[in-house]
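The following note is written for a colleague who is meeting this structure for the first time. The points are numbered so that each may be checked against the view.

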Amino acid sequence: MKFSLSWLKAHLDTTASVEEIAATFNAIGLEVEGIENPAEKLAGFRVARVLTAAPHPNADKLQVLTVDTGTGDPLQVVCGAPNARAGLVGVLGQAGATVPANGMVLKVAAVRGVESNGMMCSSRELELGDDHDGIIELPADAPIGTAFADYRGADPVFDLSITPNRPDCMGVHGIARDLAAAGLGSLKAIDATPVAGSYPCPVEIRTEDAEGCPAFFGRVIRGVKNGPSPQWLQDRLKSAGQRPISALVDCTNYVMLAYGRPAHAYDLARLTGAVSARRARAGEVCLALNGKEYALDPGMTVIADQAGVHDIAGIMGGEHSGCTDGTTDVLLEIAYFTPERIAATGRALNLTSDARARFERGVDPAFLDAGLELLTRLIIDICGGEASEVVRAGQPPLAAKRVAFDPALTQRLGGLAVDEGEQRRILAALGFAVGDDWTVTVPGWRPDVDGAPDLVEEVVRIHGLNRVPGVALPRADGVARPTATPAQRIERRLRRAAAARGLNEAITWSFLPEAEAAHFADGDAWLLANPISEDLKAMRPSLLPGLLSAARRNLDRGADSLRLFEIGRRYLRGADGRSDERLTLGVVLAGEKTPRGWATGKAQGFDAFDAKAEAMALLAEAGAPVDNLMVMDGAGAQFHPGQSGTLRLGPKAVLARFGMLHPATARAFDLDGPVAMVELFLDMVPAKKAAGFARAAYSPPPLQAVRRDFAFVVPAALAAGDLVRAVKGADKANIVAARLFDLFAGAGVPEGMKSLAVEVTLQPVDKSYAEADLKAIAERITQAAARLGATLRG
Amino acid sequence: MDYEAERVSAEAAIAGADSLDALEALRVGYLGKAGSISALLKTLGGMSPDQRAADGPRIHALREGVSTALASRKAALEQAALDARLAAERIDLTLPAPQVPRGSVHPVSQVMDELAEIFADLGFAVATGPEIEDGWHNFTALNMPESHPARAMHDTFYFSDKTAEGEDVLLRTHTSPVQIRAMRATGGTQPLRIIAPGRVYRSDSDATHTPMFHQVEGLVIGEGIHLGHLKWTLETFLKAFFERDDIVLRLRPSYFPFTEPSVEVDVGYANSGGRRVVGGNGDDPGHGWMELLGSGMVNRHVLAAGGYDPDQWQGFAFGVGVDRLAMLKYGMNDLRAFFDGDVRWLGHYGFAALDVPTLSGGVGTVA
């Protein structure tokens, strides 16, 4: 909401400075977005008189002027304006001044070989109007040498951000009321003396949609003369950022901006029969004043006559019945539209307007008559004409809200001690009627106030929010208690464990291009109905696609080695249509695992075992029982089928998948070279049982452990993990570890077979092993292995 | 026999031995089974007692002297050999050692950990909720009914789905729905202090807005909680977060549907080398105010939607951008870079695994 200081002063008697006013605005909740001071824009421009004008020696259309600036010798100025002539009083921009319209900094320069000490300016160059046919001509008695800003009258413009709960401050008068309440002057009363109608209104007005338009008031003014509105009105509209259009239109806009009261003026000559507020009929369209056509539906309220729709009620007038220069008779419309209806219609049509902004927030239902009288007076004053009697269809919802207030609530909720007299004063200054029993009647222009806390807010914001003293929250005795849930502890621990393992945490978008999401989705990707772009459209079903794209961007930028991880949610569509969000950790390893080196030779890429190492290590940090995990197939189509796996706790519970990228996925994500990936499904990691701090009792065994190696020849297809598990389980009392340390196939090993060597660690408990004990254990190991088709290698 | 001459000559020979092999040959020559000194020792048995008394000590002294000379020469030769080996084993330690990759924690995660640490001290737990929400939790329960203009201002991402209750399915536009879930979880019977950090979404994208960003919500419900508690909490939090005592807040009345009264909170900053440094009074020369937090006393309708009796309970809530806090504290200037995964950026602005925020060590990590 923009308005000039002089406009504000038309509603507020005040001597406060611009700075005081701005500070008060901020303090009472009318946030100052900016203050435009035209004096700053016009710095360096002065009132000056042309003394002589002579043809330019080198150019037909230019003249060489001598200009009196009131001080010192006259300046020589080259000018191309046809109206430049001796005796003209105009505006000279001197060297150093910046032309507002184009940002050009003036300097002393030769124009076609003749020195020019500045520029005589047009209205358009100073952003004072559209006129660019010649330079500004001021009255002959304008004081030569005065700063033009002072001559013209500096009128700073405030730009306020009005919160959506304050429709009353979408008019200058309401803003002035707030300032007055805050002690910055006194509010000038509105003079809405009725203009007596001299004849019955010739147009019948009806409302056939009492729900959308409970009240529709109007009157006709005959014999108006439309045309440009007077300068003061144009200046005020311009300060509000509005373009003056014509006197009739400007008058309606003025009433809206000054009092927050939208109104409309129809060209009576273009109306046919009775004018009514009614629901739109299916298929009806309205060509609005913005030149666009809108298809209406029966949920929308319109203003129509016998010929058809003229106006999208409360949002925008129609092109057909708008006022033009030739308009002589007008019908004024002042109506009350239901906020919910206006909001719904505006949303459906995707049409915003100043009127909609006010109606949907709620205009004062008690201000229809006053608004109509103000508008009538303004039009008659500016355009002449003769007003009819007022006609009224329907009734606005006038029932005033009453709030039972307890002034002690200001302290209890607002934390601010304000004495009751001051509270009463503040509420009264804002227009609330406060009864002796503190029953507060809410004025019609404050639809936002409906309870006691709202009144606390009014008192606190006017008395001074910054005067609220800080009060410490009560603190529990002793040291602060831990707050993290088990899931939060695991997430934090995992994040730092991954970083400690050399992985860089990334945060990637929750939404992906549809194709990328589909590539990783089990079913259809879950799409946004209104994505901001095609690249951010489908919810990620996995953390891997986002990380793969990040890896590609890095590789494209020349990165050699990438170890990226992310902890976040993958988003699945639950059976009931609700969200099923699961905490997930993704890792992508791409590029070089080790760079070429003086000791290590060629660069090495990542392989599936790097992925497995991350999966196992991070699952262990997450508290998963990693010793019990089985490696199985089924990582998914995005993985290399022979170099990927899942880690499962039992056949169903998949805790992680890992492995190398499938070449088709690599192609889809435009990645070259080997890429390893891991995805941990943290939602599947079983929660640890709550335990105390004490560990299970333990003392290191006094007897030394014994190591024995076993080399087996096994079928080539046997999974090494199965052999190791069998070996480890062969004698649980003695075997504490079994580790595979050699894999060999080739010379000395039969075709179709391979040799696996396992180091077994045996821990004696009570007494050292005798030779016979070791032999018995070895026997059990060999037997267990034999059940998998393994024979001891000779 | 001149044992002394023999000793001198032997010691000279030993000193002249230039290898362990030569030394061994000398040892065998003197002290071996057939060695010259061994032979002398054997003569002792055939001597008369007088002669043995005279020659015995000399022969033993000769043997002793030669043994000592052999041992010391051996040690010297071994030391020389070790020195030579070590000299030969010298390597160029200016060659690079194997490099272990340096991992990092994203600044947003780091700041969330910092927030959890600070607020834990004030008794706030960390709460979470779904990011794909329904219209009731995201809007209606927060006092934004269907027709509310603020609802349209939220630039909401929608799905085409509806819940079983016919509610819109949408990406949450703020962390505030977690307030509702946290309140309802207590059954409206207990005081509550939570923060709720997480991802939020708005259909907005320009130089300073991304369609996904992070917010942290704070909520306190209790009996007798008022605006003064809100002010103290925000001041205390910001002082702890920025680790400076000159944090000055400017409270401005504002409007949010879910709070009443509503308070916009500006924080004073100083312009320093093109950067905004939080601290100081925004009205002082070289200073300014920036909007940082939205807050207010929880609206009665919201308390009721959360299952609390608004006549008994009062509370405050606040919300602030986590990315924004990270930028202000650690000096990043481009929000878009947060979500690009550029390893150069992650390495520069990220945090080491061991930079765990603690109250005793300071929650912030010094550059």
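1. Which residue stands opposite A:Phe712 in β42(A)? A:Leu792 does. The model is a predicted one, and this pair is a suitable place to begin reading it. Strand β42 of chain A covers residues 791–792 and is joined to β39(A) by 2 bridges, the two strands running antiparallel.

2. Strand β39 of chain A, residues 706–715, also pairs with strand β41, residues 753–762 of chain A. That pairing is antiparallel and comprises 10 bridges. Within it, A:Met753 of β41(A) lies opposite A:Pro715.

3. The division of chain A should be kept in mind throughout. Domain 1 is made of two segments, 2–37 and 156–187, and domain 2 takes in 40–152. Domain 3 runs over 205–394, domain 4 over 405–467, domain 5 over 486–684 and domain 6 over 706–792. Between the centres of domain 1 and domain 6 of chain A, taken over C-alpha atoms, there are 88 Å.

4. A series of paired strands in chain A deserves to be followed in order. Strand β13 (residues 205–207) and β16(A) run parallel and are joined by 3 bridges, with A:Ile205 opposite A:Val275 of β16(A). Strand β16 (residues 275–279) in turn pairs with β19(A) in the antiparallel sense over 4 bridges. Two of the facing pairs may be named: A:Arg279 is opposite A:Thr301 of β19(A), and A:Ser276 has A:Ala304 of β19(A) as its bridge partner.

5. Strand β19 of chain A covers residues 301–304, and its side chains alternate in direction: A:Thr301 and A:Ile303 point one way, while A:Val302 and A:Ala304 point the other way. Are these residues buried or exposed? All of them are buried.

6. β19(A) has a further antiparallel partner in strand β20 (residues 309–312) of chain A, with 3 bridges between them. A:Ala304 is matched there by A:Val309 of β20(A). The hairpin of these two strands has 4 residues between the strands, and in it A:Gly308 takes a positive phi near 150°.

7. The nonpolar interior should be examined next. The largest nonpolar core holds 254 residues, and A:Val330, A:Val588, A:Val675 and A:Leu680 have the most contacts inside it. Helix α7 of chain A, residues 247–259, gives the most to this core, namely 10 residues. Leaving aside residues up to four places away in sequence, A:Val588 touches A:Leu544, A:Leu547, A:Leu548, A:Ala551, A:Leu562, A:Leu564, A:Val675 and A:Met677. There is also a second, separate core of 27 residues, which includes A:Val78, A:Leu88, A:Met120 and A:Cys121.

8. A:Asp364 merits individual attention. Its place is in the loop between α9 (354–361) and α10 (368–383) of chain A. Why does A:Asp364 count as buried? The reason is that 24 other C-beta atoms lie within 10 Å, and 20 or more suffice for a residue to be called buried. With residues up to four places away in sequence not counted, A:Asp364 touches A:Gly444 and A:Trp445. A:Gly673, by contrast, is 309 residues from A:Asp364 in sequence and 69 Å from it in space, C-alpha to C-alpha.

9. In chain B, 3 strands form an open antiparallel sheet in the order β2-β4-β3. β2 (132–134) and β3 (158–162) of chain B stand at the edges with a single partner strand each, so one side of each has no neighbour in the sheet. Neighbouring strands of this sheet are turned by 35° against each other on average, direction ignored. β3(B) and β4 (residues 168–171) of chain B pair over 2 bridges, and B:Lys162 has B:Asp168 of β4(B) as its bridge partner.

10. Helix α8 of chain B, residues 177–186, has several buried residues: B:Pro177, B:Val178, B:Gln179, B:Ile180, B:Ala182 and B:Met183. The elements of chain B against which the buried residues of α8(B) pack include β2, α6 (135–138), β5 (192–201) and β6 (212–222). Just after α8(B), B:Gly187 takes a positive phi of about 75°.

11. Finally, the contact between the chains: 72 residues of chain B meet 76 residues of chain A. On the chain B side, helix α9 (residues 227–242) supplies the largest share, 7 residues. That side consists of 38 nonpolar, 19 polar and 15 charged residues.

Notes:
Residues numbered from 1 in each chain as written. Chains lettered and ligands numbered in written order. Predicted model: local features only at pLDDT ≥ 70, side-chain atom pairs only at ≥ 80, totals over all residues. Domains from an automatic or database assignment. Pairing = 2+ DSSP bridges. Axes fitted to C-alpha atoms, helices over the stretch in contact; angles between N-to-C directions. Core = buried A, V, L, I, M, F, W, Y, C linked by C-beta atoms within 7 Å. Buried ≥ 20, exposed ≤ 12 C-beta atoms within 10 Å, placed from the backbone. Contact = placed C-beta atoms within 7 Å. Nonpolar A, V, L, I, M, F, W, Y, C, P; charged D, E, K, R; others polar.
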